[in-house]
Amino acid sequence: MWGLFEKTFNTVRLALNLRAKRHSLLASNIANVDTPGYQRRDLPFEKIMKTYLSNEPNLKITRPKHITGKESLVKNLTETSERFQTLGTPNNVRFEEEISALTENQLMYEATLQALAKELERLKEVITEGGK
């Protein structure tokens, strides 16, 4: 039974973790809006999720130091693509754009939580056999 819901829960878990990390990065950008030389940081949420969803789900781990599959791939992609820079300005943070991105990220986080709640309702329905 768990296999039916496992992919959904893992995907939602990753999405919530990425949204939370992106929220921290965007808040840091806003906090440093007036810091000379500060370079904007962000997380390519869509790219990471696309990579996660398109990767082979059945990778086997034979030793602890071997590649650990999707989670390792997503972690590496997250770490290497957090920093984006725009050339030509001493500080490339634009307050209005950061507030907009932060608001959008918050709404998407809440939508993901609602999707998780719906999935849990479905699971409860299956467990109780529709209330019979």
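pLDDT is the predictor's confidence in each residue, on a scale from 0 to 100. The structure above is a predicted model, in which local features need pLDDT of at least 70 and side-chain atom pairs count only at pLDDT 80 or more, while totals for chains, interfaces and linings use all residues. Residues are numbered from 1 along each chain as its sequence is written, and side-chain values use heavy atoms, with hydrogens and water left out.

**Exercise 1. State how confidence is distributed over the chain and its elements.**

Step 1. The chain has a mean pLDDT of 79, and 69% of its residues reach 70 or more.

Step 2. The secondary structure comprises 4 helices and 0 strands, where helices (H or I, at least four residues) and strands (E, at least two) are DSSP runs numbered from the N terminus.

Step 3. Among these elements, helix H4 (residues 95-127) has the highest mean pLDDT, 92, and helix H3 (residues 70-80) the lowest, 59.

Step 4. Over residues 82-88 pLDDT stays under 50, and the model has 17 contacts for them beyond four places in sequence, a contact being heavy atoms within 4.5 Å.

**Exercise 2. Determine which residues of helix H2 are buried and which are exposed.**

Step 1. Apply the cut-offs: buried means under 20% relative accessible area, exposed over 50%, and partly exposed in between (1.4 Å probe, protein chains only).

Step 2. In H2 (residues 45-54), the buried residues are Phe45, Ile48, Met49 and Tyr52. Seen down the helix axis, they fall within an arc of 95°, so they line one face of H2; the arc is that of the directions from the helix axis to the C-beta atoms.

Step 3. Glu46, Lys47, Lys50 and Ser54 are exposed on the other side of H2.

**Exercise 3. Identify the largest nonpolar core and trace the contacts of methionine 49.**

Step 1. A nonpolar core is a set of buried Ala, Val, Leu, Ile, Met, Phe, Trp, Tyr and Cys residues joined through side-chain atoms within 4.5 Å.

Step 2. The largest such core has 9 residues: Leu14, Ala15, Leu18, Leu25, Leu43, Phe45, Ile48, Met49 and Tyr52. Helix H1 (2-31) and H2 are the elements that give two or more residues to this core.

Step 3. Apart from it lies another core, of 6 residues, including Phe5, Val12, Leu16 and Leu116.

Step 4. Beyond its neighbours within four places in sequence, methionine 49 is in contact with Thr11, Leu14, Ala15 and Leu18.

**Exercise 4. Describe the surroundings of glutamate 119.**

Step 1. Glutamate 119 lies in helix H4 and counts as buried because its relative accessibility is 9%.

Step 2. Leaving aside neighbours within four places in sequence, glutamate 119 is in contact with Phe5, Thr8 and Phe9.
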